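Student: I have a structure open and would like to work through how its parts fit together. Could we take it one question at a time?

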Amino acid sequence: PTDFGEVRIKISRMNGRILHVQPEYDDCRRLAVEKNVPLQRVISEALRAYETASKTN
């Protein structure tokens, strides 16, 4: 979850190790249009939310 709404996160792994994390583009684009904010702001917020959540788990 972000301040703008729910964003799915793609996680690529190899041998159980996380290699790359990327917010789902379509989710971010939809929220940017709905909330009238820049796409990059939604992407940044989604990454921040993911990093915050992963530190607490």
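Student: Which elements do the buried residues of H1 pack against?

Tutor: Happy to start there, keeping in mind that this is a predicted model. The residues to look at in H1 are Asp27, Cys28, Leu31 and Ala32, which are buried. They cover an arc of only 130° around the axis, so they sit on the same side of H1. The elements that these buried residues pack against are S2 and H2.

Student: And on the other side of H1, which residues are exposed?

Tutor: Exposed here requires a relative accessible area over 50%. On the side of H1 away from the buried residues, that label goes to Asp26, Val33 and Glu34.

Student: Which residue forms a salt bridge with Glu34?

Tutor: A helpful general point is that an α-helix has 3.6 residues a turn, so residues three or four places apart point the same way. The partner lies in H1 as well, four residues from Glu34, or about one turn of the helix. Its relative accessible area is 39%, so it is partly exposed. With N and O 3.5 Å apart, the partner is Arg30.

Student: Let's move to H2. Which of its residues are buried, and how wide an arc do they cover?

Tutor: The buried set in H2 consists of Val42, Ile43, Glu45, Ala46, Ala49 and Tyr50. They lie on the same side of H2, because the arc they cover around the axis is only 165°.

Student: What covers those buried residues of H2?

Tutor: Contact here means heavy atoms within 4.5 Å. By that cut-off, the cover over the buried residues of H2 includes S1, S2 and H1.

Student: How far apart are the end C-alpha atoms of H2?

Tutor: Let's get the expected value before the model's own. H2 has 18 residues, and at 1.5 Å a residue they should span 26 Å. The model agrees, as the end C-alpha atoms of H2 are 26 Å apart.

Student: Glu45 and Arg48 form a salt bridge; what is its N to O distance?

Tutor: Both residues belong to H2 and are three residues apart, so about one helical turn separates them. Glu45 counts as buried at 13% relative accessibility, while Arg48 counts as partly exposed at 42%. Their side chains meet with an N to O distance of 2.5 Å.

Student: Now the strands. In what sense do S1 and S2 pair, and over how many bridges?

Tutor: S1 runs over residues 9-14 and S2 over residues 17-23. They form a hairpin with two residues between them, and Asn15 in the turn has a positive phi of about 55°. Across the pair, Ile11 stands opposite Val21 in S2. The sense is antiparallel, and the number of bridges is six.

Student: Lys10 forms a salt bridge too; which residue is its partner?

Tutor: Lys10 is partly exposed, with a relative accessible area of 45%. The closest N and O atoms of the pair are 3.8 Å apart, and the partner of Lys10 is Glu24.

Student: How many residues apart in sequence are the parts that this pair ties together?

Tutor: Lys10 lies in S1, whereas Glu24 is in the loop between S2 and H1, so the pair ties together two separate parts of the chain. Glu24 counts as buried, at 16% relative accessibility. The separation in sequence is 14 residues.

Terms used:
Residues numbered from 1 in each chain as written. Predicted model: local features only at pLDDT ≥ 70, side-chain atom pairs only at ≥ 80, totals over all residues. Heavy atoms only, no water. Pairing = 2+ DSSP bridges. Salt bridge = Lys/Arg side-chain N within 4 Å of Asp/Glu carboxyl O. Buried < 20%, exposed > 50% of the residue type's maximum accessible area, 1.4 Å probe, protein only. Expected span 1.5 Å × (residues − 1). Arc of directions from axis to C-beta.
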